[in-house]
Every structure is written in C-alpha cells, then in structure tokens.
Amino acid sequence: MKIVWSDTAKLTYENLVDFIIDQWGISVVEDFENRVNSLLDLVAQNNHLCPIFNGTTQLRRCVFHPNASLFYVIEKVEVIIIAIVDNRMDLEF
C-alpha cells in the first residue's frame, strides 16, 4: 500500500527529530529515522501490523521505540500516517 503523511504527521515528525538532535545528536536521529523507515516499509506490506488504539475503529498505534509511537489509519489504497509522538507526552487522540 501507498504511505501518505498527513500535515500533522510531518509536523510531529520534524518536531521530534529536532528534539532528538538537540538532546542526543545526529547519530541518535539517524537511528530514529532508520526505525521509522523500517516500520513504514513493514506497514506498507502489512497494513494491519499494528493494533487498533484504545478501542477506536480505525486508528492504529505502533510502538517502535520505548519513547516513540507512530499512529496511522488505513484507507482504501493508502496508509495515512496521522502522527509520530513521544510516548511521554499526553496524547490528544
């Protein structure tokens, strides 16, 4: 399936990357980006890979690091990335 990033996903991803760079440097960001890209490849191949989040009907959550999760929904021919968040934050979903 095709992966599509929502505007919110782009923003949350960029903010998290900026935070990681400030806190831990470029090598940790590279690891983070590799994890995200690997997860996206897996989700594109198996869009039901991650469980439904908190009983919602469509929103799925992938915890790909103890401190980070990716949220997505499945549309007809696309997987739409909703957000990538720091798990230590209060979620507004």
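## An exposed asparagine

N54 is out in the open: its relative accessible area is 66%, and since anything over 50% counts as exposed, N54 lands in that class because of this value. Keep in mind that this is a predicted model, so that figure, like the others below, is computed from predicted atoms.

As for where N54 sits, look at the loop between α2 and β2. Its backbone is a bit unusual to look at: phi is positive, about 45°, even though N54 is not a glycine.

## The disulfide

The loop between α2 and β2 also holds C50, one half of a cysteine pair. C50 is joined to C62 by a disulfide, with an S to S distance of 1.7 Å, and the structure holds 1 disulfide in total. The partner, C62, belongs to strand β2, and the two cysteines, 12 residues apart, tie together distant parts of the chain.

What is the handedness of this disulfide, going by the torsion about the S-S bond of C50 and C62? That torsion is about 105°, so the disulfide is right-handed. Exposed N54 contrasts with C50 and C62, which are both buried.

## Two nonpolar cores

The largest nonpolar core is built from 20 residues, and F32, F64, L70, Y72, I81 and I84 have the most contacts inside it. Helices and strands both feed into this core: α1 (7-24), α2 (26-45), β2 (60-65), β3 (68-74) and β4 (78-86) give at least two residues each. The biggest share is that of α2, with 6 residues.

Another core, of 7 residues, lies apart from that one, and its members include F53, L59, V73 and V85.

To get a feel for the bigger core, start from L70. Leaving out residues up to four places away in sequence, L70 touches L39, L40, R60, R61, C62, F64, I81, A83 and I84. That list brings back C62, the cysteine bonded to C50, as well as F64 and I81, two of the residues with the most contacts in the core.

## The second largest pocket

How much space lies in the second largest pocket? About 210 Å³. Its lining is made of 13 residues, and those nearest the centre are I20, W24, V28, H65 and N67. The elements α1 and α2 are the ones that supply two or more residues to this lining.

By class, the lining splits into 7 nonpolar, 2 polar and 4 charged residues. Both α1 and α2, then, turn up in the pocket lining and in the largest core.

Technical notes: Residues numbered from 1 in each chain as written. Predicted model: local features only at pLDDT ≥ 70, side-chain atom pairs only at ≥ 80, totals over all residues. Heavy atoms only, no water. Core = buried A, V, L, I, M, F, W, Y, C linked by side-chain atoms within 4.5 Å. Buried < 20%, exposed > 50% of the residue type's maximum accessible area, 1.4 Å probe, protein only. Helix = DSSP H or I, 4+ residues; strand = E, 2+ residues; numbered from the N terminus. Contact = heavy atoms within 4.5 Å. 1 Å grid on protein atoms, 1.4 Å probe; cavity = no way out; pocket = protein on both sides within 12 Å on 5 of 7 lines; lining within 4 Å. Points joined across faces, edges and corners; volume = space filled by probe spheres on them. Nonpolar A, V, L, I, M, F, W, Y, C, P; charged D, E, K, R; others polar. Disulfide = S-S within 2.5 Å.
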